[in-house]
Amino acid sequence: MRLAYWMYEGTAHHGVGRVMNSMRNVHAVFHAPQGDDYVTTIFTMLERTPSFPAMTTSVVSGTDLARGTIRLPETLRQVEEKLHPELIVIAASCSTILLQENLEVTAASAHLNADVLVYDANPYRMQENGAAEGLFSDLVRRYATPQPLTERPSVNIIGPTSLGFHVRHDLTSIRRMLNTLGVQVNVVAPWGASVDDLRRLPAAWLNIAPYRELGAAAADYLEEQFGTPALREAPIGVQPTLRWLNALVDTLNEIGARRNGPVIRMPPLTAFSLDGMSAPSAVPWFARTADMDSYSGKSAFIFGDATHTVGMTKFLHDELGMPIVGAGTYLLREAGWVREQLQGYVTDEQFLATDEFQVTAARIAELRPELICGTQMERHTARKHELNCMVIAPPTHIENHLLSYRPFLGFDGADVIADEVYTTCTLGMEKHLIDLFGDAGLEEQEAGVREQEAGVREQEVESREQEAGVRGQEAGVREPSVVASIPTSVPGAPIWSPEAEAMLKKIPFFVRGKARGNVEKYARERGIAVITADVLLTAKESIGA
Amino acid sequence: MPPKAQFIREDGLYHSFCGLVSVGWLYQKIKDSFFLILGTHTCAHLLQNTLGVMIFARPRFAVSLLEEADLSSAQPDISGQIAEIKREHNPSVIFLLSSCTPEVMKVEFEGLAHTLSTPELPVLFVPASGLDFTFAQSEDSVLQALLPFCPVAPPEDKRVVFLGSVNDAVAEDFAMEAARLGIPVAGFLPASHFSELPPIGPGTIIAPLQPFLPKVASQLRNDRDCTILSSLFPFGPDGCRAFWEDLAAEFGIKVDLAEREAAAWERITSHTELLRGKKVFFASDTLMELPLARFLRACGAEIVECSTPAINRRFHSRELERLEGVPLVEQANFDRQLRDIATYQPDLIISNMITTNPLVGKGLVAKWGTEFAFMPIHGWAGVNILATTFTKALRRHAILDPLGSDPVWTMGLMPSAPGDVIPLQEL
């Protein structure tokens, strides 16, 4: 047992919901207490669904347990009568699984016309991604039917799922590229797929399965069973997208050659741009500009799921030239793969695999990177430490569910990511000026902006007040109990004298936190308990802070 | 005895949250508290998603996470986590909340809390599991747990204690209003700090501010022999007038607030004019539905249906009197409600976080009932906010309407909805 504040991954239950809410004319029925219905909110609120998600909680109450009532058959009948789904997936919850009921028998007693699958997701062994991947693979195994390949070259896009990170945009980006090549999409799954679409999966020449978290196992099965090759890389960044396109064309042409099918030719790269006559991505030129040279040297820390952590780390390093000071994932079952992918990008010491956000927060506090790519949790940690963060992976906040076209994959995605990196960090020239001349009045301006923002949302106010409180405590005399309560603070931090504190205030606020940390580290290493003005000056000289 | 109020109890196939969500406001209200949930990944995921992902810098709530290996032990050992909380947060009180899994495991919570409790740091058991508790109902459990820590007031101490969590500004309004009427105030349950719990005894008048606290009210009556004010809840001009007149009467003070009520109605005329004759359907789950529907009815709206997770004949008796003739449903079946909504075509639906967007997607005007739980709508000062919260959605949709009806504007947003897949050629 451990104390958990926040979780990176959702539950197995949520994973089942994500697959079912992606598909057409199917339904999930959760044999669970009322409270488990909260998962439905995540869809209706974050995805702002204009219709009811395809899931129903068949409520189990304390009274039901006492009386031995089981409502599941009645709920199943209600669902069938109202919605006539082709397939109903039944899942138990973390509490009802302990009842050791035979849900197969219970479901059979409802005498449904629909296909019924009791999905045995043990919530204590599986989390969101494992359950979603497992269920989707089971469905593919169940329905994929042997059949001839399509006449013309075609692909399946496997993996996009409801509440996946920017998946709707990624899907558009992939479709745009396929359209440019003249390659047909046979099936997209689970996003928007019906049971019949799953049956048709083996008709495609190739499977595109860009997400390590979902779709990879189904692509493996289709390759083993039907010999369909798969393109498993995520085209994040310009070079990976070019390699991905070439691999796609080569593989389809190999198959085409065996079938005397049409030859696909790579069109001029301008064909992939939005207007059909420009560079497909602005990143290669942008990265070489004086603007970005002045910007370069900023350190980045990347933490997220497997796909986005690997893709982002390589993109920042290879295409924007940023030094990587650390990277890692919360998906422990993918940690080996991520580590392997990032050989040459981060050392073993710089690699982090943990599902406890406090550990990631402590690493960030220690590194103080100039750019953090993370989840909503790292965004929060960054805010607490006044660092810059962009969100690259779930869990997300409603703020990450924006309206405009923001893919991460393909050429379009490269531009979106580069823009986000650029606007997230403090700009290059601006930073030089601040370093040289102080804060140029930005500190006051910042305070004003904060007040305005604070009015926006009550909870934000709450959080800011707490943050302000934490900052206040840090600036003042540190009580041991307070220090201990902030997971990211260093125990036994030296005390600042008032003169040293005043001198520190003259350091531009952008870099003040870093300077404070470096000077404290310097003092600790030399056993200095009180940082005086003299110590500060010596430390600045010694470490160039 | 007034005639027995009529309401229907259905099978409870509605959408809602479990009792754990009340942690979201209670931890902020009781500033030196810590809320520890003995639960699973599901509980942590619920809190994260309903209380907003990562908006709290240092939440004073956490989950003691039951993992697979912990399922076999009859009585889980959470002393290590209690020590961690003490070290990191130094609270004055820890509330230990139950959840579904340990309930199914038959964890003996009373005993567990008792063994962890010390005089310096009490650990109080709070039943909150989703098997038995929905939304705000667990505040009732928290207050019951606090009750033994309220000092016993002597019989001659005749003062009021306001019952139910309201924010500090609202609490101040109520204390000042009481002083104005000459009503002596002993305090609030809950208070902002564990050490500030009010004395309660046979002379105490308990004035309920929130409609979801019937159990603690009945326990107060049994354990402390105090008087529970039977009145309307202080929402809207009608509710406030009845509440304060009835409360004053308990102290032998006769006040007539007719003019004050009239003035309050006068101030919200622009809202009541809009609400008059409108068909309103309550399908929310905050347990505030009865007084809200009563206020809307007084505004001239037609309440097509008022459903709520739980109705208590005694605690809600005065509200039920005013709602006579309104179809009242406890633990509604949501599917039946959808059919009735289609039939009656209400002008406004008060629904919940789970159902609102899909209802709006059907071309209806719906709003989050949860907003009422998080807005300062109590008392005279809350009247305008209360009225505005109802009319805002109506006014906004009236402005937006011309665009709303064409399904083209929701195309492609939801993979499982029909008509989502945009064919390749059209891109």
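This is a guided tour of a predicted two-chain model, taken one selection at a time.

Because the model is predicted, local features are described only where pLDDT is at least 70 and side-chain atom pairs count only at pLDDT 80 or more, while totals for chains, interfaces and linings use all residues. Residues are numbered from 1 along each chain as its sequence is written, and chains are lettered from A and ligands numbered from 1 in the order in which they are written.

**Chain A as a whole**

Begin by selecting chain A, whose secondary structure comes to 24 helices and 16 strands; helices (H or I, at least four residues) and strands (E, at least two) are DSSP runs, numbered from the N terminus. Of the 545 residues in chain A, 45% are buried, where buried means that 20 or more other C-beta atoms, placed from the backbone, lie within 10 Å of the residue's own, exposed means 12 or fewer, and partly exposed is in between. Among the contacts in chain A with a separation of 6 or more, 70% are between residues 24 or more positions apart, a contact being two residues whose C-beta atoms, placed from the backbone, lie within 7 Å.

**The five-stranded sheet of chain A**

Next, select β10 to β14 of chain A, which form an open sheet of five strands in the order β12-β11-β10-β13-β14, with parallel pairing; two strands pair if DSSP finds at least two bridges between them. At the edges are β12 (351–353) and β14 (389–391) of chain A, each of which pairs on one side only. From one strand to the next the twist averages 15°, with angles running from 0 to 180 degrees between N-to-C directions and axes being lines fitted to C-alpha atoms, for helices over the stretch in contact. Within this sheet, β10(A) (residues 300–304) and β13(A) (residues 371–374) run parallel and are joined by three bridges, and Phe301(A) stands opposite Ile372(A). Add helix α13(A) (residues 306–319), which lies across β10, β11 (324–329) and β13 of chain A and runs at about 165° to β11(A).

**Ser154 of chain A**

Now centre the view on Ser154(A), found in strand β6(A) (residues 154–158). Ser154(A) is partly exposed because 18 other C-beta atoms lie within 10 Å. Leaving aside residues up to four places away in sequence, Ser154(A) touches Val183(A), Gln184(A), Val185(A), Asn186(A), Ala204(A) and Trp205(A). For a sense of scale, the C-alpha atoms of Ser154(A) and Ile528(A), 374 residues apart along the chain, are separated by 68 Å.

**Where the chains meet**

Show both chains together: the contact takes 74 residues from chain A and 66 residues from chain B. Helix α20(A) (residues 458–475) gives the largest share of the side of chain A that touches chain B, seven residues. That side of chain A has 28 nonpolar, 31 polar and 15 charged residues, counting Ala, Val, Leu, Ile, Met, Phe, Trp, Tyr, Cys and Pro as nonpolar, Asp, Glu, Lys and Arg as charged, and the others, Gly among them, as polar. Select also strand β1(A) (residues 2–4) and strand β3(B) (residues 61–65), which run antiparallel and are joined by three bridges, with Val63(B) as the bridge partner of Ala4(A).

**The six-stranded sheet of chain B**

In chain B, six strands form an open sheet with parallel pairing, in the order β1-β12-β11-β10-β13-β14. Its edges are β1 (8–9) and β14 of chain B, each with a single partner strand, so one side of each is left without a neighbour in the sheet. Helix α12(B) (residues 289–298) packs on the sheet, touching β10 and β11 (302–308) of chain B, and its direction makes about 175° with that of β11(B).

Then narrow the selection to β13(B) (residues 348–351), where Leu348(B) and Ile350(B) point one way, Ile349(B) and Ser351(B) point the other way, and all are buried. β13(B) pairs in the parallel sense over three bridges with β10(B) (residues 279–282), where Val280(B) stands opposite Leu348(B) and Phe281(B) has Ile349(B) as its bridge partner. β13(B) also pairs in the parallel sense with β14(B) (residues 366–368), over three bridges, and here Ser351(B) stands opposite Trp368(B).

**A helix pair in chain B**

Finally, select α6(B) (residues 137–146) and α8(B) (residues 214–224), whose axes come within 7 Å and cross at roughly 25°. The two helices α6(B) and α8(B) are therefore roughly parallel to each other, a description used for angles under 35 degrees. Asp140(B), Leu143(B) and Gln144(B) in α6(B) meet Pro214(B), Lys215(B), Val216(B) and Gln219(B) in α8(B), a contact with three nonpolar, two polar and two charged residues.

Technical notes:
Angles under 35 degrees count as roughly parallel, over 145 as roughly antiparallel, 65 to 115 as roughly perpendicular and the rest as oblique.
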